[in-house]
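Trainee: Got a minute? I'd like to go through this one with you.
Mentor: Sure, put it up and ask away.
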Amino acid sequence: MRYPVVIHKDPESDYGVTVPDLPGCFSAGATLDDALQETVEAIETHLEGMLLDGEPIPSPKAIDDHQSNPDYADGIWALVTVDITKLSGKTRRINITLPERVLSVMDKYAADHGGTRSGLIAQAAIEYIASRQEGTE
């Protein structure tokens, strides 16, 4: 998942990063690169806590959806990628049946993006469920 983040920097401080789609999730770093790397770890930790608490993982919104918020007025926007398939510990082997054409398309997409079929299925399922849960709230 790609989460939009807003970066703030005051003259005498480190870079501060806020994740608008995950209230309470923020990070900081001495350099911009450090701040963004620490933000990925903060998001992973935040999402892991949500999973352990049985909370749904929210789908990230577009940067445009957040830009009108005055809290982020002076910030710089960026996107960070988080591999949510690595969250919540152990994996379990399952057997599913899909059409060959779907498998072929999935495998190509996963390979082109440095992932695996299993990772793609897990991420797609989590994103699909999150999008459905948002519509019911």
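Trainee: Start with strand 1 and strand 2. In which sense do they pair, and over how many bridges?
Mentor: Antiparallel, over four bridges. Strand 1 covers residues 2-9. Keep in mind that this is a predicted model.

Trainee: What joins strand 1 to strand 2?
Mentor: A hairpin, and it runs through five residues.

Trainee: And which residue stands opposite Val17?
Mentor: Ile7 does; Val17 itself is in strand 2.

Trainee: Next, strand 2 and strand 3. How many bridges there?
Mentor: Four bridges, and the sense is antiparallel. You can follow the partners one by one. Tyr15 is bridged to Gly29 in strand 3. Gly16 has Ala28 as its partner. Thr18 pairs with Phe26.

Trainee: Which side chains of strand 3 are buried?
Mentor: Ser27 and Gly29 are buried, and they point to one face. Phe26 and Ala28 point to the other face and are not buried. So the side chains alternate along residues 26-29, with buried meaning under 20% relative accessible area.

Trainee: Zoom out. In what order do the strands sit in the sheet?
Mentor: The order is 3-2-1-4. Four strands form this open sheet, and the pairing is antiparallel.

Trainee: Which strands stand at the edges?
Mentor: Strand 3 and strand 4, the latter being residues 76-81. Each has a single partner strand, so one side of each is left without a neighbour in the sheet.

Trainee: By how many degrees are neighbouring strands turned against each other?
Mentor: On average 30 degrees, with direction ignored.

Trainee: What about the whole chain? How many helices and strands are there?
Mentor: Four helices and four strands. Along the sequence the pattern reads β-β-β-α-α-β-α-α.

Trainee: How many residues is that, and what share is buried?
Mentor: The chain has 137 residues, and 26% of them count as buried. Its C-alpha atoms fill a box of roughly 55 × 35 × 30 Å along the principal axes.

Trainee: Pockets next. What volume does the largest one have?
Mentor: About 1,400 Å³. Its lining takes in 40 residues. The closest to the centre are Thr85, Ser118, Gly119, Leu120 and Ala122.

Trainee: Which elements give two or more residues to that lining?
Mentor: Helix 3, residues 100-112, and helix 4, residues 117-136. Helix 4 gives the largest share, eleven residues.

Trainee: What classes of residue line the largest pocket?
Mentor: There are 18 nonpolar, 14 polar and eight charged residues.

Trainee: Back to helix 4. Where is confidence lowest and where is it highest?
Mentor: Helix 4 is the lowest, at a mean pLDDT of 76. Strand 2, residues 15-18, is the highest, at 96. Remember that helix 4 also gives the pocket lining its largest share.

Trainee: And the mean for the chain, what is that?
Mentor: It is 87, and 94% of the residues reach 70 or more.

Trainee: One last residue, Ala124. Where does it lie?
Mentor: In helix 4.

Trainee: Why does Ala124 count as partly exposed?
Mentor: Because its relative accessible area is 43%, and partly exposed covers values between 20% and 50%.

Trainee: How many residues apart are Ala124 and Gln37?
Mentor: They are 87 residues apart in sequence. In space they are 24 Å apart, C-alpha to C-alpha.

Technical notes: Residues numbered from 1 in each chain as written. Predicted model: local features only at pLDDT ≥ 70, side-chain atom pairs only at ≥ 80, totals over all residues. Heavy atoms only, no water. 1 Å grid on protein atoms, 1.4 Å probe; cavity = no way out; pocket = protein on both sides within 12 Å on 5 of 7 lines; lining within 4 Å. Points joined across faces, edges and corners; volume = space filled by probe spheres on them. Nonpolar A, V, L, I, M, F, W, Y, C, P; charged D, E, K, R; others polar. pLDDT = per-residue confidence, 0-100. Buried < 20%, exposed > 50% of the residue type's maximum accessible area, 1.4 Å probe, protein only. Pairing = 2+ DSSP bridges. Axes fitted to C-alpha atoms, helices over the stretch in contact; angles between N-to-C directions.
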